[in-house]
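Grab a coffee and work through these short exercises with the structure open beside you. Each one sets a task and then walks through the solution.

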Amino acid sequence: MNKEMDKMVLSAQGLKKIYQEGVISTQVLNGAELDVAAGEKVAIIGASGSGKSTLLHLLAGLDQPTTGAVSLMAQPFSTLSAIKRGHMRNSHMGFIYQFHHLLPELSALENVMVPLKIRRESAKTAQQKAEALLKRVGLGERIHHKPSELSGGERQRVSIARALITRPAIILADEPTGNLDHETAEQVFELMLELNQELQTALLIVTHDLDLAKRMDRQLSLVDGLLHPVE
């Protein structure tokens, strides 16, 4: 691990998650442990229904574990109030989803500016940063197009730009190429790897694509609620 990766960005200790419906208890996670260092690329694989989405929600602070804890930037995260978790999330995390979740009424430029507006950066600064990043992801000529006017690959590039606009310490990506054809998925993934290297943003990807997973620094398999290294 190089010097840039000495610092732990995200850690999970003993994560358990039990869902209770009446008298029925369903345990999804059973003590999962995870550490992601600065600049590191980690893939999580697992069968459908193994709890990958639940794990991602806990790591993102969108849900709370039954027991165990999540730390972000060496600070307690999962035990904070929802408002404080939101502030930390906006400061240190970016998100890329299988379905882009872009706001349909906004242009590519306006979508990428949203996280900076939440931070109350000036409109001029936000626009300059968004334009530069959209140019970097190959969409310099498409910044005023709305999502409906963009291809699937272009929409995902806008999502990547939006995730990176705050220069987060870590990107959490949930099947980021799962909705794309093979050639477009390859282009989008290559772009994510380039930007990971360029910006030293850690990358945690949940994926069914084993070929994609093999190109990360580490692969972990979620089985019976626990994360296991893939040899």
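Two strands count as paired if DSSP finds at least two bridges between them; strands (E, at least two residues) and helices (H or I, at least four) are DSSP runs, numbered from the N terminus. The model is predicted, so local features need pLDDT of at least 70, side-chain atom pairs count only at pLDDT 80 or more, and totals for chains, interfaces and linings use all residues. Residues are numbered from 1 along each chain as its sequence is written, and side-chain values use heavy atoms, leaving out hydrogens and water.

**Exercise 1.** Find the strands that pair with S7, and give a bridge for each.

*Solution.*
- Step 1: locate strand S7 at residues 170-174.
- Step 2: look at S6 (residues 93-97), which runs parallel to S7 and is joined to it by 5 bridges. Here Ile96 has Ala173 as its bridge partner.
- Step 3: turn to S8 (residues 202-206), also parallel to S7 over 5 bridges. Ile170 partners Ala202 there.

**Exercise 2.** Work out why S7 is largely enclosed.

*Solution.* Count its buried residues (under 20% relative accessible area, 1.4 Å probe, protein chains only). That gives 4 of the 5, so the rest of the structure largely encloses the strand.

**Exercise 3.** Find what the buried residues of H3 pack against.

*Solution.*
- Step 1: list the buried residues of H3 (residues 108-118), among them Leu109, Val112, Met113 and Leu116.
- Step 2: follow their packing to H2 (82-92), H4 (123-136) and H5 (152-164).
- Step 3: check what follows H3: Arg120, with a positive phi near 65°.

Conventions:
Buried means under 20% relative accessible area, exposed over 50%, partly exposed in between (1.4 Å probe, protein chains only). Contact means heavy atoms within 4.5 Å.
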